[in-house]
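Here's a quick briefing to read with the model open in your viewer. It goes through ring contacts, nonpolar packing and empty space, in that order.

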Amino acid sequence: MEIFRVPHPSSARLPDAAEASRPASAVVADALRRQILRGALPEGERLRQDAVAIRFGVSQMIAREAFRQLVAEGVLTAEARRGVSVAHMNPEEAWETTQLRSLIEAQALEWAIPLMTKADLAMAERSLGELDTARSTDRIIALNARFHEALYAPARRERTLAMIATLRINFERYLRFTWDETEHLEQSQREHRAILDACRLRDAAQACALLKQHVRATGDLLVQRLRARRAG
């Protein structure tokens, strides 16, 4: 297990104008999250508060607040007297998160369907069209999230939508593992279109059933892969 090392100070300063209106801790958390999600900071690696503070040119209090945010998201793990480390991916967490997502996202969709407009449906359809030609994992993950957000946003249930966003952030490393290790996109797109067709028909029961099946199928695939990796 390695300690997080500090790169050259000029390589990781906080952005200036674009991020001026956001709390510095949120900017640091975003940067660390991107590195973790993309594998630049591997599972189990310890992050030192002073090293992160130096790296981003911020106080240790700001670095500590960034750590707290990432611990709350499940991206980092905190241990007494040992600081924080990058959380390990494991099949038990993948299964639990999948179950939560399937329930909460289905509820959001049920609330959203009666309020969906043609513009909402068109936005979801555009995301699927772009997904058909997407090649990079980053692009696939972003478009997949955009499709689901387009379906849930009409519900206007801010607390529920915030919970979904947090679960998806925590689950993104698992999604990346799925896309990188499998040929899952074609099947996922078929399921997406079936869900969208049910939304167009205002068939909430069918749409929610398909969504639960879709989310859980991805989770089942992940659990299988993670268990195989653990056994290996």
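**Rings, cores and voids**

Arg 157 lies over the face of Trp 111, 4.1 Å from the ring centre. Keep in mind that this is a predicted model. As for ring-on-ring contacts, the structure holds one aromatic pair.

**The largest nonpolar core**

- This core has 31 residues, and the members that touch the most others are Leu 109, Met 116, Leu 151, Tyr 152, Leu 196, Cys 199 and Leu 211.
- Six helices each put in at least two residues: α4 (91–112), α5 (118–133), α6 (137–152), α7 (158–181), α8 (185–200) and α9 (204–231).
- The top contributor to this core is α6, with six residues.
- Apart from this core sits another one, of 19 residues, and its members include Ile 36, Leu 47, Ala 53 and Phe 56.
- As background, nonpolar side chains tend to be buried together in soluble globular proteins.

**Two core residues worth clicking on**

- Leu 109 belongs to helix α4.
- Leu 109 counts as buried because its relative accessibility is 0%, against a cut-off of under 20%.
- Skipping neighbours within four places in sequence, Leu 109 is in contact with Met 116, Leu 151, Tyr 152, Ile 195, Cys 199, Ala 207, Cys 208 and Leu 211.
- One of those partners, Ala 207, is 98 residues away along the chain from Leu 109, yet their C-alpha atoms are separated by 7.8 Å.
- Leu 196 touches Leu 121, Ala 124, Glu 125, Leu 128, Phe 147 and Leu 151, again not counting residues up to four places away in sequence.

**The largest pocket**

- If you're after open space, the largest pocket has a volume of about 350 Å³.
- It is lined by 17 residues, and those closest to its centre are Ala 145, Glu 149, Ala 165, Arg 168 and Ile 169.
- Both α6 and α7 supply at least two lining residues each, and α7 has the largest share, with eight.

**The enclosed cavity**

- How many cavities of 30 Å³ or more does the structure hold? There is one.
- The largest cavity contains about 70 Å³ of space.
- Ten residues line this cavity, with Arg 101, Asn 144, Leu 175, His 214 and Thr 218 the closest to its centre.
- The helices α6, α7, α8 and α9 each give two or more residues to the cavity lining.
- The largest share of that lining, three residues, comes from α9.

Conventions:
Residues numbered from 1 in each chain as written. Predicted model: local features only at pLDDT ≥ 70, side-chain atom pairs only at ≥ 80, totals over all residues. Heavy atoms only, no water. Phe/Tyr/Trp six-rings, centres within 6.5 Å; stacked < 30°, edge-to-face > 60°. Lys NZ or Arg CZ within 6 Å of the ring centre and 35° of its normal. Core = buried A, V, L, I, M, F, W, Y, C linked by side-chain atoms within 4.5 Å. Buried < 20%, exposed > 50% of the residue type's maximum accessible area, 1.4 Å probe, protein only. Helix = DSSP H or I, 4+ residues; strand = E, 2+ residues; numbered from the N terminus. Contact = heavy atoms within 4.5 Å. 1 Å grid on protein atoms, 1.4 Å probe; cavity = no way out; pocket = protein on both sides within 12 Å on 5 of 7 lines; lining within 4 Å. Points joined across faces, edges and corners; volume = space filled by probe spheres on them.
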